[in-house]
Amino acid sequence: MMVTQAGITDSPAGNAAVIVPSALKAALSVVVCTGVLVAVTHYLEQYLRYCGRLPESAYRQPVIFFGLFYNDWTRLTGVVLCCLPIVLSPLSRWSDIVEYKAIRPVVMITAFAVTWAFSTHSYNFFYDQSHLFDRSLLILLFGLTLWRPCWFPLFLLTAVTIISQFEHPMPGYSWTDKILPVRVLFLFCSYLAVRPLFDPQTAVRTFFLVLFAVTGAHYFVPGWGKVEMEWWNYGHVYHIVAAAWANGWLGFLSEPEINRVIDVAAFLDPLVVGFTLLVEVGSLIFLFHRRIAVGLVLGWFLLHIGIFVFSGICFWKWALLDLAILLSFRQMSPATSGWLFCPKRAFACAALMLVLSFVVTRPVKLAWYDTRLTHTHRFVGTGISGTRYDVGKFFMAPYDLQLAQNRLRFFADQDLIVRTYGTTQNSKLAAELLKSPSELKLEKLVEWDRIDQHDPAAVATFDRFVTTYFRNVNSQLSLKTWHFPAAAPQHIWTMPTGHQFDCREPLEQFAVHLTTTMYDQSAGIVQLSDRPIHVVTIPKVKTAESK
């Protein structure tokens with residue numbers, strides 16, 4: 001339309017002159033907002049994770065949070081920055097945010113998962129601290145975020161600071177099970193910071209675009225890793241059932257019973273392989289249609305259920321995020337939903353997902369071959385009476401995650417052939433292990449993919465951890481039997497199978513045993529060896545009962 005002295009007349013050229021620049025301006029605004037949001041999120045994550053990673057000495061204090069104030073100016077600045085939203089916009093409400101009914105379920109359910117996991121973890125016997133103040137502070141801040149979103153940055157810094165205590169003393173603490181939920185919270189904090197710079201509709205639509213790209217990238221990368229390594233050609237997924245059983249999962253089942261479970265998993269193996277690739281690689285087309293998005297999120301959720309049933313690996317924080325995304329679909333306005341779910345935005349989301357996957361966030365590539373061979377580290381404690389106990393990895397919570405992953409490659413003379421849960425990324429080795437046991441020469445396979453590397457410094461760190469942990473356990477045996485009520489589920493579930501240590505007497509010795517098993521379809525799970533590889537002597541202390 002065009003206005004003249006004669007009135008309003010049609011003019012295609014006039015329409016183009018108005019519409020095209022407007023469309024280009026809107027598209028450019030989304031691109032700029034996306035770039036700013038991704039950049040701020042990335043650097044905020046790096047900065048707050050640095051601030052929260054305190055020295056080991058800070059975690060030996062009754063209150064962790066105070067360590068942010070006296071370690072260095074960088075961390076103190078982080079606290080100040082996280083408090084700025086509270087000072088500058090203390091009266092901001094959730095209802096002030098466009099599409100808050102769709103955003104709030106994702107953010108609050110994810111925050112609940114983080115709060116539950118890290119306010120109810122076991123007493124930390126390595127530091128000999130419960131850190132009750134920090135747990136209470138995390139719960140309080142979570143409650144405040146329900147009331148006002150401006151409390152989220154301080155909540156997130158507190159959560160990261162609590163989580164980082166488990167990075168001491170042993171290296172290699174895994175963030176895999178929690179990194180996606182934490183990144184979603186970083187994204188929301190960044191959105192709160194940048195939304196005043198853009199049109200409200202542009203900012204909220206970009207938030208959802210980046211949210212789905214970040215979430216999809218954490219599923220796409222494992223799927224693409226499987227495609228790269230031709231995952232379907234070597235090894236079989238059902239082998240993880242035998243490996244998990246050897247590691248303590250479903251330990252209440254007898255060997256004949258677990259063999260029947262493996263038979264069921266073997267029957268489902270082709271379906272599991274196809275389904276896994278479909279829902280992981282299919283993340284690229286997340287926004288092509290609303291029904292595709294719903295199907296993919298349901299597929300991710302079912303994938304986590306299957307992984308837990310067959311391996312005891314519980315990605316419950318990711319699963320809750322999946323359910324929260326489904327809930328956000330129902331709360332999203334038709335206008336925002338219509339803008340997001342279309343081929344044009346699908347291509348944009350896929351491109352952003354690829355950038356995040358390989359350049360910015362680089363999620364962990366959860367891709368490997370499952371083999372029939374498994375190495376498991378189990379722990380045997382000897383009491384002062386001479387009684388030997390099976391010390392379960394769950395018993396050593398909150399450090400059970402590192403121990404359940406069996407990443408103790410630093411001990412000498414282990415001759416490890418495969419990695420955690422019998423996995424390998426060496427296709428030649430995976431193909432070789434498909435041969436019948438009679439054809440295999442395991443001693444020759446050690447050099448194919450050398451895993452264990454003797455590291456005296458790492459061994460000394462492990463010894464310090466064990467002696468400190470059990471010296472404190474021995475002095476407070478009654479406290480070790482108490483757990484926080486309604487504790488969150490563990491990431492890796494294991495169950496001791498022998499005579500369990502029940503804290504009725506102090507331990508004087510802690511031995512690490514290396515057990516090697518192999519699954520054979522005709523013979524079932526066969527134990528090839530079980531030998532002690534390291535022994536730690538625990539210093540004697542006075543128990544609480546004798547003081």
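**Exercise 1. In this predicted model, find out how the buried pair Lys-317 and Asp-177 is joined, and say where each partner sits.**

Step 1. Start with burial: Lys-317 and Asp-177 are both buried, and the cut-off for that label is under 20% relative accessible area.

Step 2. Now check the contact. The closest N and O atoms of Lys-317 and Asp-177 are 2.9 Å apart. A salt bridge needs a side-chain nitrogen of Lys or Arg within 4 Å of a carboxyl oxygen of Asp or Glu, so this pair makes the list.

Step 3. Place the partners. Lys-317 belongs to helix α13 (residues 316-331) and Asp-177 to helix α8, so the bridge ties together parts that are 140 residues apart in sequence.

**Exercise 2. Work out which helices the Glu-280 and Lys-226 salt bridge links, and whether its ends are buried or exposed.**

Step 1. Look at the distance: 3.1 Å separates the closest N and O atoms of Glu-280 and Lys-226.

Step 2. Locate the ends. Glu-280 is in helix α11 and Lys-226 in helix α9 (residues 200-228), so to speak distant parts of the chain, 54 residues apart.

Step 3. Check accessibility. Glu-280 comes out at 7% and is buried; Lys-226, at 7%, is buried too.

**Exercise 3. Describe the Glu-45 and Arg-49 bridge and name the network it belongs to.**

Step 1. Glu-45, Arg-49 and Arg-183 are joined into one network by salt bridges that share partners.

Step 2. Within that network, Glu-45 bridges to Arg-49 with the closest N and O atoms 3.6 Å apart.

Step 3. Both Glu-45 and Arg-49 sit in helix α1 (residues 12-52), four residues apart, or about one turn of the helix.

Step 4. Glu-45 has a relative accessibility of 4% and counts as buried, and Arg-49 is buried at 17%.

Step 5. For the full tally, the structure holds 13 salt bridges.

**Exercise 4. Pick out the backbone oddities: which peptide bonds are cis, and which non-glycine residues have a positive phi?**

Step 1. Keep the background in mind: most residues other than glycine have a negative phi, and most peptide bonds are trans.

Step 2. Go through the cis bonds. One joins His-168 and Pro-169, with omega about -5 degrees; Pro-169 is in the loop between α7 (152-163) and α8 (176-194). Another joins Ala-397 and Pro-398, with omega about 10 degrees, and Pro-398 is in the loop between β5 (388-391) and α16 (400-404).

Step 3. Turn to phi. Leu-250 has a phi near 55 degrees and sits in the loop between α10 (239-246) and α11 (255-281). Asp-415 has a positive phi of about 55 degrees and lies in the loop between α16 and β6 (423-424).

Step 4. Add accessibility: Leu-250 is buried at 11%, while Asp-415 is partly exposed at 41%.

**Exercise 5. Characterise the largest pocket: its volume, its central residues and the make-up of its lining.**

Step 1. The volume of the largest pocket is about 1200 Å³.

Step 2. The lining has 45 residues, and those closest to the pocket's centre are Ile-240, Ile-307, Ile-313, Leu-366 and Trp-368.

Step 3. Two or more lining residues come from each of α9, α11, α12 (290-311) and β6. The largest share, eight residues, is from α11.

Step 4. Sort the lining by class and you get 24 nonpolar, 13 polar and eight charged residues.

Methods: Residues numbered from 1 in each chain as written. Predicted model: local features only at pLDDT ≥ 70, side-chain atom pairs only at ≥ 80, totals over all residues. Heavy atoms only, no water. Buried < 20%, exposed > 50% of the residue type's maximum accessible area, 1.4 Å probe, protein only. 1 Å grid on protein atoms, 1.4 Å probe; cavity = no way out; pocket = protein on both sides within 12 Å on 5 of 7 lines; lining within 4 Å. Points joined across faces, edges and corners; volume = space filled by probe spheres on them. Nonpolar A, V, L, I, M, F, W, Y, C, P; charged D, E, K, R; others polar.
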